[in-house]
Amino acid sequence: MTCRIAVFGTGYLGATHAACMAELGHEVLGVDVDPAKLSKLHAGEVPFYEPGLEEVLKRNIENGRLRFSSSYEEAAQFADVHFIGVGTPQKKGEFAADLTYVDAVIETLAPLLTTPAVIFGKSTVPVGTAERLGRRARQLAPAGDQVEVAWNPEFLREGFAVKDTLHPDRLVLGVDQGRPGRAEEVARSVYSQLLDEGIPFLVTDLATSELVKTAANAFLATKISFINAMAEVCEAAGADVTVLADAIGHDVRIGRRFLNAGIGFGGGCLPKDIRAFMARAGEIGADEALTFLREVDNINMRRRTRMVELVREVVGGSLIGSRIAVLGAAFKPDSDDVRDSPALNIAGQIQLQGASVSVFDPKAIENSRRIFPTLNYASSVNEACSGADAVLVLTEWDQFKQLKPSDLDSIVRNTIIIDGRNCLDRDLWVDAGWEFTAVGVASERRASTLP
Ligand code: NAD
């Protein structure tokens with residue numbers, strides 16, 4: 001059955017969700033408050049880099065199933081299924097999530113709802129938010145109790161957003177179990193093609209659905225920080241964290257994925273989500289349960305400072321006057337997202353310590369320039385590496401993984417490379433005479449001298 005859907009917020013999550021819901025055959029209106037974003041979307045352009053999304057967007061604009069607007073009135077008249085996909089960033093100076101944007105959607109939309117409607121939240125929110133928003137929506141809406149708020153957390157990964165939306169590994173729906181309504185039935189129609197594919201569909205209460213998302217992110221962050229803690233121990237012990245990860249990863253209870261040591265996690269989700277989770281646990285009297293996440297966060301942030309120290313070491317003890325090439329600015333490959341990006345953060349710290357830093361990223365330069373205007377940005381790997389005293393690979397783009405020593409030999413000043421993502425072939429670089437340092441492996445320079 002075709003549904004009429006409005007999606008509020010057309011960022012990484014919302015634009016992808018809107019385009020993919022149209023791809024499933026629904027009629028969709030994407031709503032945002034950012035006119036620049038809307039005019040790009042109108043023109044069939046994705047305002048950020050996400051592989052495969054532009055094709056889906058263009059196809060569905062052309063076939064008339066997908067439109068964009070800034071008008072909540074239009075959305076309320078057009079749709080009876082609404083998705084909230086606005087941001088929930090970290091509050092300034094606090095760990096808690098800033099719910100201003102999510103609240104604004106309800107405050108603006110609900111008073112316009114004169115007929116029955118289901119509002120599905122997709123944004124990542126602290127437990128208890130959905131229930132509060134449901135109460136508020138029923139209060140504000142002329143349709144009163146016929147307006148339902150349910151939660152349908154989103155698990156998409158940037159870089160795989162289209163595939164993850166059209167073929168997720170699970171769908172989770174939280175419904176207000178004290179007020180049985182139509183949310184499950186409506187979700188089943190929206191996602192009927194996915195359910196026919198046999199994708200697991202878990203229906204639960206509102207609180208559990210909100211916690212599923214934050215728990216999943218807390219687990220992933222913990223896995224990354226675990227291997228990064230092992231990297232610290234390996235460096236001290238003269239061991240090799242990559243072999244260690246391969247070996248423990250063969251145990252199916254552990255698994256190899258997300259066990260890549262490096263400069264740690266970043267982006268618009270994991271860092272702020274684990275902090276918001278800790279803050280919320282404190283508010284509901286469960287803070288002790290999540291104190292370990294503070295250490296997960298500490299280990300992660302320590303990766304960045306350790307990388308800066310490492311760079312200082314390889315250039316001879318002081319960064320002042322050195323030239324450093326930074327390859328990678330996005331928080332992960334196949335994305336232009338630089339929110340809380342470890343790569344950019346490290347580039348900034350190195351510059352503050354007196355180095356001249358030249359950054360190249362295949363897609364994230366524009367966003368980087370916006371949040372870090374004082375760094376130098378290069379338009380190619382060669383330009384970034386020209387005259388460099390050390391080359392750092394900080395985001396594992398394929399383009400960087402495929403680099404060969406002969407590509408850079410005659411360009412750099414010193415043949416020194418640091419692999420911040422353990423994504424390069426060590427032997428290739430060492431055999432070509434480069435000084436090669438990876439994460440979680442004792443380098444010749446830092447040869448182990450165990451007590
Ligand atoms: P984003 O910043 O890219 O997009 C948010 C959009 O909401 C912006 O375009 C903004 O202009 C718009 N907006 C703000 N206020 C609005 C309003 N009142 N009405 C309509 N639009 C409004 O953020 P994002 O990365 O898409 O994340 C959105 C939510 O999804 C967050 O809660 C995030 O944690 C969650 N999430 C994101 C991802 C991801 O990979 N990016 C994955 C899963 C969950």
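Reader: Let's start with a single residue: is Asp164 buried or exposed?

Author: Asp164 is buried, its relative accessible area being 10%. Please keep in mind as we go that this is a predicted model. The cut-off for calling a residue buried is under 20% relative accessible area, so Asp164 at 10% falls on that side.

Reader: Which residue does the side chain of Asp164 meet in a salt bridge?

Author: Its partner is Arg157, with 2.8 Å from N to O. Arg157 has 30% relative accessibility and therefore counts as partly exposed. In this pair, then, a buried Asp164 is joined to a partly exposed Arg157.

Reader: How many salt bridges are there under this rule?

Author: The count comes to 32. Let's look at a few of them. Asp389 and Arg413 are joined through their side chains, at 2.9 Å from N to O. Asp389 sits in the loop between helix 16 and strand 12, while Arg413 sits in the loop between helix 18 and strand 13, so this salt bridge ties together parts that are 24 residues apart in sequence.

Reader: Which of those two is buried and which is exposed?

Author: Asp389 is the buried one, at 9% relative accessibility. Arg413 is exposed, with a relative accessible area of 52%.

Reader: What is the distance between the closest N and O atoms of Asp407 and Lys404?

Author: In that salt bridge the closest N and O atoms are 3.9 Å apart. The cut-off is within 4 Å, so the Asp407 and Lys404 pair at 3.9 Å is counted. Here both ends have a similar label to report: Asp407 is partly exposed at 30%, and Lys404 is partly exposed at 42%. Salt bridges can also share partners, and one network formed in that way joins Glu232, Glu235, Glu295, Arg302, Arg303 and Arg306.

Reader: Now to helices. What describes two packed helices?

Author: Two numbers do the job: the angle between the axes and the distance between them. Take helix 12, residues 270–283, and helix 13, residues 291–314: they pack at about 155°, and their axes are 10 Å apart. That angle makes helix 12 roughly antiparallel to helix 13. Their crossing is left-handed.

Reader: Which residues make that contact between helix 12 and helix 13?

Author: From helix 12 come Ile274, Arg275, Phe277 and Met278, and from helix 13 come Leu293, Arg294, Val296, Asp297 and Met301. Sorted by character, the residues of this contact are 6 nonpolar and 3 charged, with no polar ones.

Reader: At what angle do helix 13 and helix 14 cross?

Author: Roughly 45°, and their axes come within 9 Å. That makes helix 13 oblique to helix 14. The crossing of this pair is right-handed. On the helix 13 side you will find Arg304, Thr305, Met307, Val308 and Val311, which meet Pro342, Asn345, Ile346, Gln349 and Ile350 of helix 14. This contact divides into 6 nonpolar, 3 polar and 1 charged.

Reader: Arg304 catches my eye there. What is the relative accessibility of Arg304?

Author: Arg304 has 1% relative accessibility, so it counts as buried. Setting aside neighbours within four places in sequence, Arg304 is in contact with Ile263, Phe265, Gly266, Asp340, Pro342, Asn345, Ile346 and Gln349.

Reader: Could we read Ile365 in a similar way? Where is Ile365 found?

Author: Ile365 is in helix 15, residues 365–371. With 14% relative accessibility, Ile365 counts as buried. Not counting residues up to four places away in sequence, Ile365 touches Val359, Phe360, Tyr377 and Ala378. For Ile365 and Ala378, which are 13 residues apart along the chain, the C-alpha atoms are separated by 8.5 Å.

Reader: One last feature, the backbone. Which residue has a positive phi of about 60° although it is not a glycine?

Author: That is Asp334, placed in the loop between strand 9 and helix 14. Asp334 counts as partly exposed at 32% relative accessibility. Asn422, also not a glycine, has a positive phi of about 45°. Asn422 lies in the loop between strand 13 and helix 19, and is partly exposed with a relative accessible area of 21%.

Key: Residues are numbered from 1 along each chain as its sequence is written. This is a predicted model: local features need pLDDT of at least 70, side-chain atom pairs count only at pLDDT 80 or more; totals for chains, interfaces and linings use all residues. Side-chain values use heavy atoms; hydrogens and water are left out. Axes are lines fitted to C-alpha atoms, for helices over the stretch in contact, and angles run from 0 to 180 degrees between N-to-C directions. Helices (H or I, at least four residues) and strands (E, at least two) are DSSP runs, numbered from the N terminus. Angles under 35 degrees count as roughly parallel, over 145 as roughly antiparallel, 65 to 115 as roughly perpendicular and the rest as oblique. A crossing is left-handed if the near helix is turned anticlockwise from the far one by less than a right angle, and right-handed if clockwise. Contact means heavy atoms within 4.5 Å. Ala, Val, Leu, Ile, Met, Phe, Trp, Tyr, Cys and Pro count as nonpolar, Asp, Glu, Lys and Arg as charged, and the others, Gly among them, as polar. Buried means under 20% relative accessible area, exposed over 50%, partly exposed in between (1.4 Å probe, protein chains only).
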